[in-house]
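Let's take a friendly walk through this structure, one local feature at a time. Please have the sequence and the 3D view open as you read.

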Amino acid sequence: MSHVSHEPVPCTDAERRLRALLERGLPINPRPWLTLGEQCGMSESEVMACVYRWQAEGLIKRMGLVVKHHALGISANAMVVWNVPDEAVGELGRRLAAEPAVTLCYRRPRRLPDWPYNLFCMIHGTRRDRVLAALDEIVERQALQAIPHRVLFSLKAYKQRGGRYTREDDSHDRRTPQPA
């Protein structure tokens, strides 16, 4: 369920510029809000107040870090999918999420009959052999030998980006953007 308001959100020209700048990500420096303010004609405190307001209004759902793994030399990225009995998936998910080599762990519905897997975790590394060795250690440590699983290495780095708050085709649009 979305909590984003679809009511028009009043927006000044400076705020529209700030939205466009936020789509590119935060500047990497000690005072990113000040830098953004200088670029869009707002003070640092006005930028911060505006971002807080947009969070409260639901325009910005969350702020986080987008790690571009391949640019950092982390190109052996494995998604391990597990077919776990439903009554055990929550507990196993918590255990896997606590493993140091696991960077992401989440539950998904099965897509039967072709896709029986309901627990997914990511292991990132610089070499496949090291990722597979880390997985072997996890399987041994967590006694998962009997749990059916598959290892899917990524073959391509898809474009990763943050939220979109403006529409390129309508710079005067004052509505909250719709999901793509």
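Which strands each supply at least two residues of the lining of the second largest pocket? Keep in mind that this is a predicted model.

## The second largest pocket

The strands to look at are β1, β2 and β3, each of which gives the lining of this pocket at least two residues. You will find β1 at 76-82, while β2 covers 102-107 and β3 covers 119-125.

The second largest pocket holds about 450 Å³ of space. Its lining is made of 16 residues, and those closest to the centre are His69, Asn77, Met122, His124 and Gln160.

## Cysteines without a disulfide

How many disulfides does the model contain? The count is zero, and two cysteines help to show the reason. A disulfide needs a pair of cysteine sulfur atoms within 2.5 Å. For Cys50, the closest cysteine sulfur belongs to Cys11 and lies 6.9 Å away, so this pair is too far apart for a bond. For Cys121, the closest cysteine sulfur is that of Cys105, at 5.4 Å, and that distance is also too far for a bond.

Both of these cysteines can be placed by their accessibility as well. Cys50 has a relative accessible area of 2% and is therefore buried, because buried means under 20%. Cys121 is at 1% relative accessibility, so Cys121 counts as buried too.

## A nonpolar patch on the surface

Now turn to the outside of the model. Leu65, Val67 and Leu72 make a nonpolar surface patch of about 330 Å².

Is Leu65, one of the patch residues, buried or exposed? With a relative accessible area of 76%, Leu65 is exposed, because the cut-off for exposed is over 50%. To locate Leu65, follow the chain into the loop between α3 (44-57) and β1 (76-82).

## Two backbone details in loops

Next, look at the peptide bond that joins Leu112 and Pro113: this bond is cis, with omega about 5°. Pro113 sits in the loop that runs between β2 and β3, two of the strands that contribute to the pocket lining described above.

A second backbone detail is at Ala143. Here phi is near 55°, which is a positive value in a residue other than glycine. Ala143 lies in the loop between α5 (128-142) and β4 (149-153). Its relative accessibility is 55%, so Ala143 counts as exposed.

How values were computed
Residues numbered from 1 in each chain as written. Predicted model: local features only at pLDDT ≥ 70, side-chain atom pairs only at ≥ 80, totals over all residues. Heavy atoms only, no water. Patch = residues over 30% accessible without salt bridge, like charges linked within 9 Å, V, L, I, M, F, W, Y side chains within 5 Å. Areas by Shrake-Rupley, 256 points an atom, 1.4 Å probe, with all protein chains shown as cover. Salt bridge = Lys/Arg side-chain N within 4 Å of Asp/Glu carboxyl O. Helix = DSSP H or I, 4+ residues; strand = E, 2+ residues; numbered from the N terminus. Buried < 20%, exposed > 50% of the residue type's maximum accessible area, 1.4 Å probe, protein only. 1 Å grid on protein atoms, 1.4 Å probe; cavity = no way out; pocket = protein on both sides within 12 Å on 5 of 7 lines; lining within 4 Å. Points joined across faces, edges and corners; volume = space filled by probe spheres on them.
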